[in-house]
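Work through the two exercises below with the model open. Each has a task sentence, followed by a solution in steps.

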Amino acid sequence: MLLAADPVPRLPAAASAVATPALAVDAVATILDLARWAPSGDNAQAWRFRRLGGDQVRIDTRDQSRDCLYERDGRCGLVSIGALLETIRLAATTVGRRALIAPLAGGNANAPSFAVTFRPEPGLTADPLAAWIRARSVHRGTYAGSAPTAAERTALEQAAGSEFRLRWATGAARLRWAGLNQRAALLRLDTKVGWELMGRIIEWDARFSADRLPDRALGLPPALLGTARRQLASWGSTRFANRWLAGTWAPRLLLEWWPGLRCGAHLALQAATPDDSAAGWLRAGAAVQRLWLAATALGLRHQPGLSPLVFARYARDGIAIDTDPRAQPRAEALGRELRALLGADALERTVWLGRIGRAPPAPARSLRLALATLCTPPPELP
């Protein structure tokens with residue numbers, strides 16, 4: 001219970017807060033230019049905008065289930081799309097517009113399309129969360145050990161909305177979550193599909209990347225980046241290092257176990273009522289984005305930690321992770337541990353996992369493709 005002296009904090013305005021212009025030269029372009037900063041797995045940005053004239057836009061998305069280890073059941077992709085749609089809604093308020101979003105019939109369930117109309121609404125003020133859209137980012141470093149205050153937790157829960165609830169792990173409980181995450185990392189670091197994914201998503205010798213993850217943002221000490229790059233140069237070198245040189249231990253300790261201990265808390269966002277439909281996962285994505293933006297406004301850093309949840313769902317649903325016979329038993333073990341931590345219905349209710357805490361801004365981060373690129377549909381999109 002919150003005491004009167006511990007009120008729910010008001011979300012502060014960003015130093016670079018988005019102002020609502022009296023007359024927007026191109027309101028739709030302004031909205032899309034802000035909305036392109038929505039989060040997406042591995043900075044994939046698996047969507048394109050098609051201007052239809054006037055205040056209308058079509059959004060097409062790409063199914064990543066065949067080429068991304070984390071997208072095989074389509075759920076993570078839908079969460080990202082839901083976050084994009086919520087970002088569009090927030091961005092529209094900065095130019096006095098209400099975003100009316102309607103799904104288009106047909107197509108791929110993992111890659112829905114939408115028609116968006118931006119309706120002018122006199123007197124509409126910018127949503128406070130919109131000021132933090134550009135500032136929100138993944139922070140993979142260590143955080144201060146102080147947990148979010150009760151007031152901050154309440155603000156985050158309110159941001160996520162009444163359809164979702166937050167579960168927290170602080171203090172000594174962080175040790176168990178750190179162990180869970182480093183065990184999940186084995187399925188990324190010690191399988192060929194995981195190696196292939198890392199080869200596609202990392203941009204080496206970079207602090208910033210428009211369409212991938214810059215190596216300086218991975219969380220490894222700079223002195224180890226060269227070693228990691230050489231080890232990942234081929235599947236043969238990766239497999240040799242993993243088998244004979246304990247090649248997974250350094251990244252598991254440095255990227256999962258130690259950061260998992262050095263944080264304010266681990267969190268799980270769960271649906272009050274499980275909904276495994278596409279619409280349910282889109283709503284989950286909207287809740288994740290509002291939660292993340294609210295955390296940014298409060299000065300809290302965040303790193304998603306979805307690997308245990310994704311791999312445990314694969315095991316539950318009979319989705320193969322890799323030809324390596326060790327992969328499936330490891331995924332099944334993750335599911336058992338998640339149920340022990342979050343309850344028997346953990347895999348049905350949980351939509352997001354991560355860690356949170358206070359830290360200086362990360363020195364490197366992913367950027368986004370230019371709006372002109374995102375407004376030009378590539379051949380694989382309809």
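**Exercise 1.** Describe how α11 and α12 are oriented and which residues join them.

Solution. α11 and α12 are roughly perpendicular to each other (65 to 115 degrees counts as roughly perpendicular). This follows from the axes of α11 (residues 307-317) and α12 (residues 327-342), which cross at roughly 110° and come within 8 Å. Axes are lines fitted to C-alpha atoms, for helices over the stretch in contact, with angles from 0 to 180 degrees between N-to-C directions. Helices are DSSP runs of H or I with at least four residues, strands are runs of E with at least two, and both are numbered from the N terminus.

Next, list the contacts (heavy atoms within 4.5 Å). On the α11 side are P308, L309, F311, A312, Y314, A315 and R316; they meet Q328, A331, E332, L334, G335, L338 and R339 of α12. By class, this contact has nine nonpolar, two polar and three charged residues; Gly counts as polar, and Tyr and Pro as nonpolar.

The model is predicted: local features need pLDDT of at least 70, side-chain atom pairs count only at pLDDT 80 or more, and totals for chains, interfaces and linings use all residues. Residues are numbered from 1 along each chain as its sequence is written, and side-chain values use heavy atoms, without hydrogens and water.

**Exercise 2.** Give the strand order of the open sheet of four strands and find its edges.

Solution. The order is β5-β9-β11-β10, with antiparallel pairing (strands pair if DSSP finds at least two bridges between them). β5 (164-169) and β10 (301-304) are the edge strands, each pairing on one side only. Inside the sheet, β9 (residues 265-271) and β11 (residues 350-357) run antiparallel and are joined by six bridges. L267 stands opposite G354 in β11.

Methods. Parallel < 35°, antiparallel > 145°, perpendicular 65-115°, else oblique.
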